[in-house]
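The exercises below are meant to be worked with the sequence and the 3D view open. Each task is followed by a solution in steps.

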Amino acid sequence: ILAQSVWNGGAEGNWNVAGNWTPQGVPNSSITDVVIDNNPDADVTVTLNMTASVRNLTLDAGDTLWITGTRMLTMFGNLLNNGWIHLNPTSTYYAAAFRAGENLNLDGTGTIALGRTGYAQLATDAGKTITQLSGHTIAGVGDISGSLLNYGTVRADASLGAGAELRLSDADKTNAGLFEAVAGSILNIGAVNINNQAGVIRAQG
């Protein structure tokens, strides 16, 4: 039986507080859909201060999800992100991760921001692929270690964290959108293969 949890915790709050969700209870299950915050008139910031799993995640425009150091969010469905998801937002030396436990679509007009090279990771389980759709962005400094099919924007941007590199590692990547590095930033392709399918790869600055 699938479940849904909707944020009701006000403008700021922690994920692990049961009363911040409707129905009451902390969402942490591969069959639970999470909605933040289902209110277009209120901007909220939710801090994931535990390691959790969800099925589908919806983040509204103006809303932010912080995934702090030592924490990981594992997805078993898809992401509809019109807001901002920040991995390791305070750029600590404690790693934060966003992981695909199944094939995962990143949809919407929002951004997943990585906050420190070596300590913010976008990853997949073996044999799984993250597909970033047109309009969505992955940006900052950190590591994209999973299999990625990109129709959106992947941007190395040192202004979003500490360190200069956004590293593409471990699994090959397919680009039908935009891979870029802005001034003062490095898009490190490393030893992986990039299958560029009419996409753009560029450096600015």
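Two strands pair if DSSP finds at least two bridges between them. The model used here is predicted.

**Exercise 1. Place strand β4 in its sheet.**

Task: Find which strands β4 pairs with, and in which sense.

Solution.
- Step 1. Strand β1, residues 3-7, is joined to β4 by 4 bridges, and the two run parallel. Within this pairing, Q4 stands opposite D33.
- Step 2. On to strand β7, residues 57-59: 3 bridges join it to β4, again in parallel. Here I36 of β4 faces L59.
- Step 3. Both counts reach the cut-off of at least two bridges, with 4 for β1 and 3 for β7.
- Step 4. The order of the open sheet of 10 strands is β3-β1-β4-β7-β10-β13-β16-β18-β21-β24, with mixed pairing. Its edge strands, β3 (21-22) and β24 (194-196), each pair on one side only.
- Step 5. Further along that order, β13 (residues 104-107) and β16 (residues 129-132) are parallel partners over 3 bridges. N105 has T131 in β16 as its bridge partner.

**Exercise 2. Describe the surroundings of β4.**

Task: Are the residues of β4 buried or exposed, and which way do they point?

Solution.
- Step 1. β4 covers residues 32-36, and 5 of its 5 residues are buried.
- Step 2. T32, V34 and I36 point one way, while D33 and V35 point the other way. Residues on both sides are buried.
- Step 3. Take I36 as the example. Leaving out residues up to four places away in sequence, its contacts include W7, W15, W21, V44, L57 and L65.
- Step 4. I36 also belongs to the largest nonpolar core, which has 41 residues. W15, L57, L65, L73, I85 and F98 are listed with I36 as having the most contacts inside that core. Strand β12 (residues 96-100) gives the most to it, with 3 residues.
- Step 5. In soluble globular proteins, nonpolar side chains tend to be buried together.

**Exercise 3. Classify H136.**

Task: Where is H136 found, and is H136 buried or exposed?

Solution.
- Step 1. H136 sits in the loop between β16 and β17 (137-144).
- Step 2. Its relative accessible area is 1%, so H136 is buried.
- Step 3. Among the residues that H136 touches are L79, N81, L106, D107, G152 and T153, not counting residues up to four places away in sequence.

**Exercise 4. Compare three salt bridges.**

Task: For the salt bridges R99 with D125, K128 with E102 and R167 with D143, give the closest N and O distance, the location of each partner and its exposure.

Solution.
- Step 1. R99 and D125 have their closest N and O atoms 2.6 Å apart. R99 is in strand β12 and D125 in the loop between β15 (120-124) and β16, 26 residues apart. R99, at 22% relative accessible area, is partly exposed, and D125, at 25%, is partly exposed.
- Step 2. For K128 and E102 the closest N and O atoms are 3.2 Å apart. K128 lies in the loop between β15 and β16 and E102 in the loop between β12 and β13, so the pair ties together parts 26 residues apart in sequence. K128 is partly exposed at 23%, and E102 is partly exposed at 36%.
- Step 3. R167 and D143 come to 2.6 Å at their closest N and O atoms. R167 is in strand β20 (residues 165-168) and D143 in strand β17, 24 residues apart. R167 is partly exposed at 29%, whereas D143 is buried at 10%.
- Step 4. The count of salt bridges comes to 6. R155, E180 and R202 are linked in a network of salt bridges.

Note on methods
Residues numbered from 1 in each chain as written. Predicted model: local features only at pLDDT ≥ 70, side-chain atom pairs only at ≥ 80, totals over all residues. Heavy atoms only, no water. Buried < 20%, exposed > 50% of the residue type's maximum accessible area, 1.4 Å probe, protein only. Core = buried A, V, L, I, M, F, W, Y, C linked by side-chain atoms within 4.5 Å. Contact = heavy atoms within 4.5 Å. Salt bridge = Lys/Arg side-chain N within 4 Å of Asp/Glu carboxyl O.
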